Amino acid sequence: MDSITLTFPKDLNVSLQKSVGDIVYYLDDAGEKHRIGECTDISSRTITCNIEPWRKRPQPNNYIFFGKENIINSSGLVGYYAEVEMENTSTV
C-alpha cells in the first residue's frame, strides 16, 4: 500500500480523525467521486492517507472531502430527555 500526503492552505476540519476509519475522497474535474484512502496522519494543514498503487491521484484544485464509517459512528439518537410534572396552585 502506498501513502499520499495532501497539503492545504488553511487549517483542516476538526472532525477528521486518524485511526478511526475516516476515508478521504476527491471530486475530479468531471465531478466524479474517487476514493483516496483511509486517513493515517493529520497535522494542522496536511493529511496522510493510505492509497492503493493503482488508484488515480487527485490533481491540484480537486475538491477533497472525507467521510466517516457508518459502523463506527452509529450510536443512534443523541440528545437529552426530561420528564416534568407541573401543578398550578394559583386561585386567580
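# Reading strands, cysteines and charged pairs

User: Which strands pair in the antiparallel sense over 5 bridges, with strand 3 as one of them?

Analyst: Strand 3, residues 33–42, pairs with strand 2 in the antiparallel sense, and 5 bridges join them. Keep in mind that this is a predicted model. Within the pair, Tyr25 stands opposite Arg35 of strand 3.

User: What should I look at in the hairpin of strand 2 and strand 3?

Analyst: Look at the residues between the strands, of which there are 5. Among them is Gly31, which takes a positive phi near 85°.

User: Which strand pairs with strand 2 over 5 bridges and covers residues 63–67?

Analyst: That is strand 5, and the sense is again antiparallel. To follow the pairing residue by residue, start at Val24, whose bridge partner in strand 5 is Phe66.

User: How should I picture the side chains along a strand?

Analyst: In a regular strand, side chains alternate between the two faces of the sheet.

User: Is strand 2 largely enclosed or open?

Analyst: Strand 2 spans residues 23–27, and 4 of its 5 residues are buried, so the rest of the structure largely encloses this strand. Buried here means a relative accessible area under 20%.

User: What does His34 touch, if residues up to four places away in sequence are not counted?

Analyst: His34 lies in strand 3. With those residues not counted, His34 touches Tyr25, Tyr26 and Asp28. With Asp28 there is also a polar contact, side chain to side chain, at 2.8 Å.

User: Let us turn to the cysteines. What is a disulfide?

Analyst: A disulfide is a covalent bond that joins the sulfur atoms of two cysteines. To find one, check the distance between the sulfurs, since the pair must lie within 2.5 Å.

User: How many disulfides does a search of the whole structure find?

Analyst: The search finds 0.

User: Why does Cys39 not bond to the closest cysteine sulfur?

Analyst: The closest cysteine sulfur to that of Cys39 belongs to Cys49, and the 5.2 Å between them is too far for a bond. Seen from Cys49, the closest cysteine sulfur is that of Cys39.

User: Are Cys39 and Cys49 buried or exposed?

Analyst: Cys39 is buried, with 1% relative accessible area. Cys49 is buried too, at 0%.

User: What is Lys18 in contact with, leaving aside its neighbours within four places in sequence?

Analyst: Lys18 is in the loop between strand 1 and strand 2. Leaving those neighbours aside, Lys18 is in contact with Cys39, Thr40, Asp41 and Ile42. The side chains of Lys18 and Asp41 are joined by a polar contact of 3.4 Å. Lys18 is partly exposed, at 40% relative accessibility.

User: How far is Lys18 from Lys56?

Analyst: The two are 38 residues apart along the chain, and 22 Å separates their C-alpha atoms.

User: Now the charged pairs. What is the general idea?

Analyst: Side chains of opposite charge can pair when their charged atoms come close. The structure holds 5 salt bridges. One of them is between the side chains of Asp2 and Arg57, at 3.2 Å from N to O. This pair links distant parts of the chain, with Asp2 in strand 1 and Arg57 in the loop between strand 4 and strand 5, 55 residues apart.

User: How accessible are Asp2 and Arg57?

Analyst: Asp2 is partly exposed, with a relative accessible area of 32%. Arg57 counts as partly exposed as well, at 26%.

User: Which residue forms a salt bridge with Arg45?

Analyst: Asp11 does, and the closest N and O atoms are 3.2 Å apart. Here Arg45 is in the loop between strand 3 and strand 4, while Asp11 is in the loop between strand 1 and strand 2, 34 residues away along the chain. Arg45 is partly exposed at 38%, whereas Asp11 counts as exposed at 55%.

User: Which residue forms a salt bridge with Lys68?

Analyst: The partner is Asp22, with 2.9 Å between the closest N and O atoms. Lys68 is in the segment after strand 5, and Asp22 is in the loop between strand 1 and strand 2, 46 residues apart. Lys68 counts as partly exposed at 30% relative accessibility, but Asp22 is buried, with a relative accessible area of 0%.

Conventions: Residues numbered from 1 in each chain as written. Predicted model: local features only at pLDDT ≥ 70, side-chain atom pairs only at ≥ 80, totals over all residues. Heavy atoms only, no water. Buried < 20%, exposed > 50% of the residue type's maximum accessible area, 1.4 Å probe, protein only. Helix = DSSP H or I, 4+ residues; strand = E, 2+ residues; numbered from the N terminus. Pairing = 2+ DSSP bridges. Contact = heavy atoms within 4.5 Å. Polar contact = N/O pair within 3.5 Å; in protein donor to acceptor, adjacent residues only side chain to side chain. Salt bridge = Lys/Arg side-chain N within 4 Å of Asp/Glu carboxyl O.
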